[in-house]
Amino acid sequence: MSISHPNVEKGSDTNEIFNFLRSLKIFNQLDVAAIQSVVERLTQVSLSKGQTLFQQGDQGNALYVLVSGLARVSMSSADGPEVLLHHLQPGECTGEMALLTGQPRTATVSAEEDSQLLCLKKEDYGRLAELYPGLQAGLANQLLPRFQQNQTREALKKYFGDVGDAVLLGILKSMDCCHCDSGQVLFNQGEPGDAMYIITQGRLRLVSTDAEEGERILGEAGAGECVGEFALLAESGTPGSLRTATVYATRSTDLVLITRPVFENLMVQYPQALMALTRRIVRRALSIGKPTATQKANLVVSMLPIQAGFELGDFADQLSEALSGLGPTLSLNAERFEDTYGKSGASALPLNHPLSPVINAWLDEKEREHLYTIYEAVPAIETSGHLSTWARRCVEDADLILLVGDANSSPLPTEVEKAMQETRTCARVELVLLHENGCALPTGTANWLTPRSAGALPVRAHHHIRSGNPADFRRLARRLAGKAVGIAFAGGAARGWAHIGALRALEETGIEVDWVAGASMGSIIAAGCALDWSSKEFNALAARFSDPKKLLDYTFPYASFTATKYISSLLKELFKDDIEDTWKPFFCISTNLTQTREIVHTHGELWKALRASMAFPGVFAPVLNEEGCVLMDGGAVNNLPVDRMREMCPTGTVIGLDLVTSSSFSEEYHFGYSLSGWKALLGHIVPFPGKTTAPDLFKIMSGLVEGACKYRLNEVAQMADLLIRLPVQPFGLLEFERFPEISEAGYRAAQEQLKGFKVN
C-alpha cells in the first residue's frame with residue numbers, strides 16, 4: 001500500500017512515514033529511536049469511499065492515523081438515528097481508547113472518500129509503552145481534548161437545546177473556559193457579578209455567610225448546571241447584581257464562562273438557542289423562596305471504611321440496590337473498575353501517571369451515564385499509612401464521602417480518616433454506623449460525632465443503618481440522593497394524637513418517612529416516629545398521657561398552673577437517649593424567651609429538648625437550659641416547622657401535618673374595660689343574665705398561641721409540598737383520654753388528602 005499525504009507521497013519509504021509521525025501530537029514527545037520503533041510496528045490500511053474501518057460495538061484492537069482522504073465518525077442509539085460526531089481529517093487519530101482498554105468501539109468510522117491510514121495494534125502499543133513512557137503521555141494529550149470537548153458539548157446542550165454542532169461550535173467560540181482546583185473560590189458573596197458559569201465537569205458548593213448564623217451551605221451544583229446566572233439579569237452596578245453567595249469547587253472543576261457582553265452578543269447571533277437559556281434563568285428567578293426541584297445533577301458517592309480491613313461488599317451491594325430504585329446506578333470497586341475499563345492494574349496507576357487524567361476523564365464519562373455512581377475505596381490504606389492509589393482517586397473524585405464503620409467498634413478517629421485529610425477534596429463527608437439487624441436503638445452516637453465535627457473535612461450528617469434492613473437502606477439512598485421525605489408535626493396538646501392516625505395513613509399509602517420534626521406535642525409524636533415506634537408503642541404513650549392525675553401536678557400559678565414534675569419524669573423515662581441516637585434524623589422547636597428567638601434542637605438529650613418544646617405557656621413550667629436561658633413551647637414561635645424542614649430537605653419532599661382548630665372564644669361574654677376576676681369567676685360558676693362572664697387565663701393564653709401559629713403558618717405553608725389539615729375542632733387541648741377518637745379523625749382526614757399525592 002502507498003501513502004498519499006502532502007508530506008508523504010505515493011511510494012514513500014519509512015523516512016517519510018517517520019517525518020509524518022514526528023508532526024503528530026501523539027508522537028511528538030518521543031525521541032528519534034522511539035519514533036523509529038513505532039514506524040517498524042505500523043501497518044498500512046487503504047479504504048475505498050463508503051468502506052467501513054470499524055463499527056460501533058466492534059472489539060477495539062488498534063489505533064489508526066488518517067494520512068490522506070476524509071473519514072466520517074458517527075454514533076447510533078437504539079431509539080434514534082445515526083448522529084455524525086465529526087469528520088476525521090489527515091493527521092488525526094481514531095480508536096485511541098482501544099490501546100488503553102478492552103472496551104468495544106463507541107462509534108463507527110467509514111471513508112467519505114478514498115483514504116489511507118496507518119495502524120498500530122494494541123499489543124504492539126503495549127510493548128512500545130513499556131519502553132517509551134512518552135508514548136503514553138502523547139496518547140493522553142491526544143485523548144483529553146476529545147473528552148473535554150464531549151463534556152462541554154453535553155453541558156451546553158442542556159442550556160441551548162439540540163441546536164446542531166455548527167451552531168454549538170459557534171456559541172462555544174464566543175465563550176471562555178476556566179478551571180477551579182478543589183477548594184478554589186470561583187467568586188465571593190458581595191462581589192459584583194458580571195458573568196455566569198456552566199459546569200462541564202466537577203462540582204461547586206454555594207455557601208452564604210450571616211453575622212448571626214455564620215456560614216451556611218445553600219446547596220451544590222454539578223456537571224450541566226450553572227451558577228451566577230442572576231448577574232445577567234440584574235442591571236450592572238445595582239445591589240441586585242451583587243453575588244448572594246460564595247461559590248467554591250469541592251473537586252477539580254471545569255467551567256464555561258459567559259460574560260454579560262458575550263451573553264448580549266449571543267442573543268443577537270443565536271436568538272433561538274439563547275431562548276432556552278433565558279427561560280431557565282427566568283424560571284430560577286421565579287423559584288426563589290419556593291421549594292427547590294429534585295436534584296438533577298449526577299452524584300458520585302465514595303465509600304471509605306473507617307477501620308482498615310473492614311469490608312464494604314454487602315453494604316455497597318444493598319446501597320446500590322436501593323439507589324437503583326431512584327435512578328441508573330453504577331457501583332465500582334477496584335476489581336470491577338479494571339474489568340469495565342479493560343486494563344489490568346489500572347486502579348493502581350499513580351495519580352501522577354501520564355494516563356491518570358485519561359482514567360479520570362473515562363470515569364467522568366461513566367458518571368455522566370448514570371445518575372448515581374458508587375465507588376468502594378477498598379483497600380483504603382497502605383502499610384505506609386497513606387491512602388491507596390485507588391482510595392485516593394475515589395476520594396478526590398467524590399461529591400459525597402461516606403465514612404462507614406461498625407457501631408460496636410471504637411468511636412475514635414482512625415488512621416484511615418487521618419490519611420483522608422491529606423487528599424485534595426472538599427467533598428461533603430457523612431458518617432454511616434452499621435448496627436446488627438436486631439439492634440433496638442443506637443447508643444453513644446455523640447462519641448462518634450464530637451471528634452469528627454471540626455477540621456478540614458468535618459462530618460456534616462450521620463446515618464444509622466441496620467444490616468439487612470431494606471427500609472434503612474432505602475432511607476439512606478433517598479437522603480444521599482436529595483429525595484428524603486420530611487414530615488413536620490404541629491403542636492396542639494391532646495389534639496396532637498391526630499398525628500398518630502395520619503402516620504397510619506401515610507404508611508398505608510406507601511410513603512416512607514426519612515426525617516421528622518415537630519413543635520410542642522408534635523415534637524413528642526415526631527420523636528416516637530424517629531425511634532421507629534410501632535402502633536403498640538404509640539398506644540402505650542397515649543395511655544400514659546391519658547390520666548390527668550399522673551400528668552398534671554397543679555401548683556400555685558406563679559409561673560404555670562402545674563409544677564410539671566410528672567410530665568418531666570414521664571418524658572425522661574420514655575425518651576432517655578440522645579437526639580443523635582434516633583434511627584431517623586429528628587429536630588424540634590422551642591422558644592428562647594431570654595434571647596427572643598427560635599431554637600432548633602438537633603443534638604443533646606432528647607427528653608430535655610421535648611420538655612422545652614412542649615412547655616405550653618401557663619400550663620407547663622418553662623425550662624432553664626445549661627446556658628441560663630428560659631425556654632418555652634415551640635408552638636409560640638413556629639408551631640409547624642415546615643420551613644426548617646425545607647432547610648434540612650431542600651430538594652426532597654416536605655409534608656406538614658397541621659391541626660385545624662376552632663376559636664376558643666366562640667361563646668358570648670359580658671365585661672367592659674375593667675374586669676374583676678372574682679366577678680368573672682362567679683359568672684362562670686353561677687351564670688345568669690347580666691352577670692360578668694369572660695374567657696379564663698388559659699383560654700387567653702391558648703388564643704394568643706393559636707393566633708401566632710396561624711399567622712406563622714400563612715408565611716411558611718408554601719414551603720411544604722403537601723399540607724395535610726387534620727380537623728380537631730371537637731377536642732379540647734387537655735382531653736388526652738380521647739386518644740382513639742382523635743387518632744381516628746386524623747387517619748380519616750389524612751387518608752382523604754393523600755389521594756393522588758406523589759413524593760418528589
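**Strand 19 and the internal cavities**

Strand 18 (residues 329-332) and strand 19 run parallel and are joined by 4 bridges; strands are DSSP runs of E with at least two residues, numbered from the N terminus, and two strands pair if DSSP finds at least two bridges between them. The model is predicted, with local features needing pLDDT of at least 70 and side-chain atom pairs counted only at pLDDT 80 or more, while totals for chains, interfaces and linings use all residues. Residues are numbered from 1 along each chain as its sequence is written, and side-chain values use heavy atoms, without hydrogens and water.

Within the pairing with strand 18, Ser 331 has Ile 374 as its bridge partner in strand 19. Strand 17 (residues 299-305) is also parallel to strand 19, through 5 bridges, and Ser 302 stands opposite Tyr 375. Of the 5 residues in strand 19 (residues 372-376), 5 are buried, that is, under 20% relative accessible area with a 1.4 Å probe and protein chains only. Tyr 372, Ile 374 and Glu 376 point one way from the strand, and Thr 373 and Tyr 375 point the other way.

A cavity is a set of points, on a 1 Å grid over the protein atoms alone, where a 1.4 Å probe fits but cannot get out; lining residues have an atom within 4 Å of a point. A volume is the space filled by probe spheres set on the points, which are joined across faces, edges and corners. There are 2 cavities of 30 Å³ or more. The largest has a volume of about 130 Å³. Its lining comprises 15 residues, of which Ala 493, Met 614, Phe 616, Phe 620 and Phe 736 are the closest to its centre. The second largest cavity holds about 40 Å³, and its lining residues include Phe 545, Asp 547, Phe 736 and Glu 737.

Conventions:
On a 1 Å grid over the protein atoms alone, a cavity is a set of points where a 1.4 Å probe fits but cannot get out, and a pocket is an open set with protein on both sides within 12 Å along at least five of seven lines; lining residues have an atom within 4 Å of a point. Buried means under 20% relative accessible area, exposed over 50%, partly exposed in between (1.4 Å probe, protein chains only).
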